[in-house]
Amino acid sequence: NLSLSDGSCIELNTDTVMRIASKGNERRVFLDKGEAYFDIRHDPAHPFVVVADGHQVRDIGTKFVVRSDPGRLEVRLMQGSAEVESLTGEKQAHTLKPGDVAVAKGGKTTLIRKSSLDMANELGWRRGLLQFHHTSLADAAAEFNRYSREKIVIADPVAARKSINGALPVGDLEEFTRMAKNFFGLHAERRADTIVFSQ
């Protein structure tokens, strides 16, 4: 967790790279990769801007999450207001309200609405939990892999598409293995730093 001199707080998720810089009166951070939760003290004289994946997110007194994956940027607004704009493509800026999620990929930004419960669940990593809601087993494994030195591989393509619902502790490979065996009947085989799941 980072506490800034103005009282703002930033929480970094695992495998996240962020740089802090100043540009005139502007407070500016660069999210090179990963995910961060921002609780920003609004100061009109010193705007707060997050730059990630060719876009900038401008705080308008807010709590928000920015996640940058290769070729995809997601901004989730929890409270207040924020503006998302492309630095390279679209000319239109998008102003977010609480519950809005901006997803930018392929040069296009899409706005979707999420319930407050879904938004809270997606912040489970702050409490040490990964929440899954109709998530494919392959996507759940990819999310788990962000938190662990040992990697999960779902070798069976049919099993990889099966859907998972629920919460699992961050980095708890034993719990993931138990779930894969009990609910999907998968066999786990440890190979060096990898656990391979198959039928």
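Here are three short exercises, with worked solutions, on a predicted model.

**Exercise 1.** Are the rings of Phe38 and Phe64 stacked or edge-to-face?

*Solution.*
- Start with the distance: the ring centres of Phe38 and Phe64 lie 4.9 Å apart, and rings pair if their centres lie within 6.5 Å.
- Next, take the planes: they stand at 15°, and planes under 30 degrees apart count as stacked.
- The pair Phe38 and Phe64 is therefore stacked.
- Now place the two residues: Phe38 belongs to strand β4 (residues 26-39) and Phe64 to strand β6 (residues 55-69), so their pair ties together parts 26 residues apart in sequence.
- Finally, widen the view: Phe38, Phe48 and Phe64 make up one aromatic cluster.

**Exercise 2.** Is Phe38 buried or exposed?

*Solution.*
- Look up its relative accessibility, which is 0%.
- Compare this with the cut-off: buried means under 20%.
- Phe38 therefore counts as buried.
- Try the steps again on Phe64: its relative accessibility is 0%, so Phe64 counts as buried.

**Exercise 3.** In what order do the 3 strands of the open sheet with mixed pairing lie, and which are the edge strands?

*Solution.*
- Read across the sheet: the order is β12-β15-β14.
- Find the edges: β12 (151-154) and β14 (187-191) each pair on one side only, which makes them the edge strands.
- Check one pairing: β12 and β15 (residues 194-198) run parallel, joined by 4 bridges. Lys151, for example, has Thr194 in β15 as its bridge partner.
- Add the helix: α4 (residues 173-184) packs on this sheet and touches β12, β14 and β15. The direction of α4 makes about 10° with that of β15.

Technical notes
Residues are numbered from 1 along each chain as its sequence is written. This is a predicted model: local features need pLDDT of at least 70, side-chain atom pairs count only at pLDDT 80 or more; totals for chains, interfaces and linings use all residues. Side-chain values use heavy atoms; hydrogens and water are left out. Rings of Phe, Tyr and Trp (its six-membered ring) pair if their centres lie within 6.5 Å; planes under 30 degrees apart count as stacked, over 60 as edge-to-face and the rest as tilted. Buried means under 20% relative accessible area, exposed over 50%, partly exposed in between (1.4 Å probe, protein chains only). Two strands pair if DSSP finds at least two bridges between them. Contact means heavy atoms within 4.5 Å. Axes are lines fitted to C-alpha atoms, for helices over the stretch in contact, and angles run from 0 to 180 degrees between N-to-C directions.
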